[in-house]
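Colleague: I should be grateful for a close look at one part of this model, namely the side of chain A that touches chain B. Please set that part in the context of the chain to which it belongs, and add any backbone details in the partner chain that deserve attention.

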Amino acid sequence: MKPRLGSILIVCAAALYFLVPLIAAFQFSLQMRRGTWSFDAYASVFQSDVFLNALGYSLIASAIAIVVGALLVVPTAYWVRLRLPHLRPVVEFISLLPLIIPSVVLVFGQIRMFGSSSFLPLTTTDFGTNLLLVVGYVVLSLPYMFRAVDSGMAAIDIATLTEAAESLGASRARILFTIIFPNIRAAIVSGAFLTFSICLGEFAIASLLNRNAFGPYLVQLGQDRAYEPAALAIMSFALTWVLMALMQAFAHMKPGQRLLPRFTRSRP
Amino acid sequence: MSFLTLRGLNKSFGANPVVRDFDLEMDEGEFVSLLGPSGCGKTTVLRMVAGFETPGSGSIQIGGQDVTTLAARQRKIGMMFQSYALFPNMTVAGNVAFGLKVSGIARAEADRRVREMLEMVGLAKFSDRYPYQLSGGQQQRVALARAIAPRPRVLLLDEPLSALDAKIRVTLRGEIRAIQRELGISTLFVTHDQEEAMSMSDRVVVMYGGRAEQIGAPDQIYNHPASRFVAEFIGALNLVPAHVKDAKTGTVDTALGALTLNRTLPDSHGSEITLAIRPEALRVLAPSDPTPAIVISGRLASREFLGAIIRLRVDTAQGTTVVVDCFNREGATIPQPGSAVRLTLPPEEIVILA
């Protein structure tokens, strides 16, 4: 079927709308040194200890949030699909709540519940506050993680696979970790990448919990500097694209296939 | 004493009873099929034996042990599913080894058993492949190897051949039966395909409305159906309503004319009975043939070529239609549609249904 001229024009207009600001930001990020184009802004970002600390902190917090989120969502989605299918709309609604309730409300709730005057004053210690941040990230990632995992489970016949494994003597925990998790790996990875993107750019929770995370760092940098925020924006876009490419690669990978070819040393 | 005993099994889904007062006793090494139409409760019985459904009442014993409330994973059963249910993330060898790993068998012994099982099902060369790299027939062979590898007490087959094409179905049913005989595993097989049930089983349980209508050897069920449902469900059949005229000589009035069955009937004069006549019991008489005791005259309405068999539909002079199966032998003279035909059958091949 030939694409119509109207469709082509719409695609071109959308591409321009998206690409022109990106090209402009990229060009601006290269103009730190006067009179010539350079990657000075990028170098400046990477030389900053504050940047590296903030990025490192956010990476660790995101990774923990992904693991906790997967351990929470996968067994829940599995059990709901297997034994409580009538509760699926309820669980789905709960998982969507973070999209409706702003993260500011969530973090204020956390501060009120676990502030210095509460019965469990988590905000008074670094560990406690970090814990609240991770919990906040897990909640924020719920809609994406649950949807990804639930669609992954819809693609395999979990009921029959579970029965087959049970008939061979396997326990529920064994079934979950040796059959269900590996078979929805692509879905979990998709959910993980989405969680990672969201956590990396998250501002409200990290800022109000006074954490040295990447989101607050980006905002602070935007107020203080000119070229570095543009460089960071471009790097964030690049990271997002890489993650999306990886999601696609994982989604289409069959069991036994490798993402990258195995490199073997040739014998002399 | 029987090896697998099902006693008074009942099961309802909501207000809908699906299995009612189901009893079955199976000997060790026996191959029994549960045969019946969709919704007759055969799969529910199998799932109760597997432990995937809990009976409303009744008991299940395997090898003298009451397993009615035992979890599925503790029952030591092997199961094959219609959808194969192979673990997509594991290789063929990984799938077969799964049950052995779960039961904690030593690695070397497990590897030996996996090789043995894969050789038994003819897939030793495919051990490193993943399920998506195999055909349907190969996947079901792997499922069989996986089910029997841990040496289960009972093998349960839930319509394992239904998703396969006709030729592979026939080959695989022979292979399943041969392996079952070789290993001597008591096997309960669920199918809606009467040919499968008849060809594979030591005994067949015909189910209808959640109950066992008849339990018996395949030939017994085919030749001596206990009820109208069994007679109609197994094979093609002509059902002829009749009135008993003389119970002593077995003379009845039917829509095909008066027939003498040469046996004493339990029903008295005037009782209504139903005669069941298999299409292959009827024979088309050649014009030169002498006139036998039973002759049914009519006109050939249609003929249908079914390969080994040619199926004729004959409109009788009394206004009913009977189905006749003739062997498709070379040189056999099959009348043309519209021509007059005379049919006969041995009286002893007429089955009387209550």
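Modeller: The answer below begins with chain A as a whole, turns to the side that touches chain B, and ends with individual residues. Please bear in mind that this is a predicted model.

Chain A contains 12 helices and zero strands, so that, read from the N terminus, each element in its order is α. Its C-alpha trace spans about 75 × 65 × 60 Å along the principal axes. Of the 268 residues in chain A, 31% count as buried. When contacts in chain A between residues at least 6 apart in sequence are considered, 75% of them join residues at least 24 apart.

Against this background, the part you asked about can be described as follows. In chain A, 19 residues are in contact with 20 residues of chain B. Two elements of chain A, α7 (158-167) and α8 (172-183), each give two or more residues to the side that touches chain B. Helix α7(A) provides the largest share of that side, with six residues. By residue class, the side of chain A that touches chain B comprises eight nonpolar, six polar and five charged residues.

Elsewhere in chain A, one loop residue may be of interest. Leu87(A) is located in the loop between α3 (49-82) and α4 (88-100) of chain A. This residue is exposed, because 12 other C-beta atoms lie within 10 Å and a count of 12 or fewer is classed as exposed. Leu87(A) is separated from Pro255(A) by 168 residues in sequence, and their C-alpha atoms are 31 Å apart in space.

In chain B, two residues merit a check of the backbone. The first to consider is Asp21(B), which is not a glycine and yet has a positive phi of about 40°. Asp21(B) belongs to strand β2 (residues 16-26) of chain B. With 14 other C-beta atoms within 10 Å, Asp21(B) is partly exposed.

The other is Tyr84(B), likewise a residue other than glycine, whose phi has a positive value near 70°. Tyr84(B) is placed in the loop between β6 (77-80) and α2 (92-102) of chain B. Tyr84(B) counts as buried because it has 24 C-beta neighbours inside 10 Å, and 20 or more suffice for that class. Thus a positive phi is found in a partly exposed strand residue, Asp21(B), and in a buried loop residue, Tyr84(B).

Terms used. Residues numbered from 1 in each chain as written. Chains lettered and ligands numbered in written order. Predicted model: local features only at pLDDT ≥ 70, side-chain atom pairs only at ≥ 80, totals over all residues. Helix = DSSP H or I, 4+ residues; strand = E, 2+ residues; numbered from the N terminus. Contact = placed C-beta atoms within 7 Å. Nonpolar A, V, L, I, M, F, W, Y, C, P; charged D, E, K, R; others polar.
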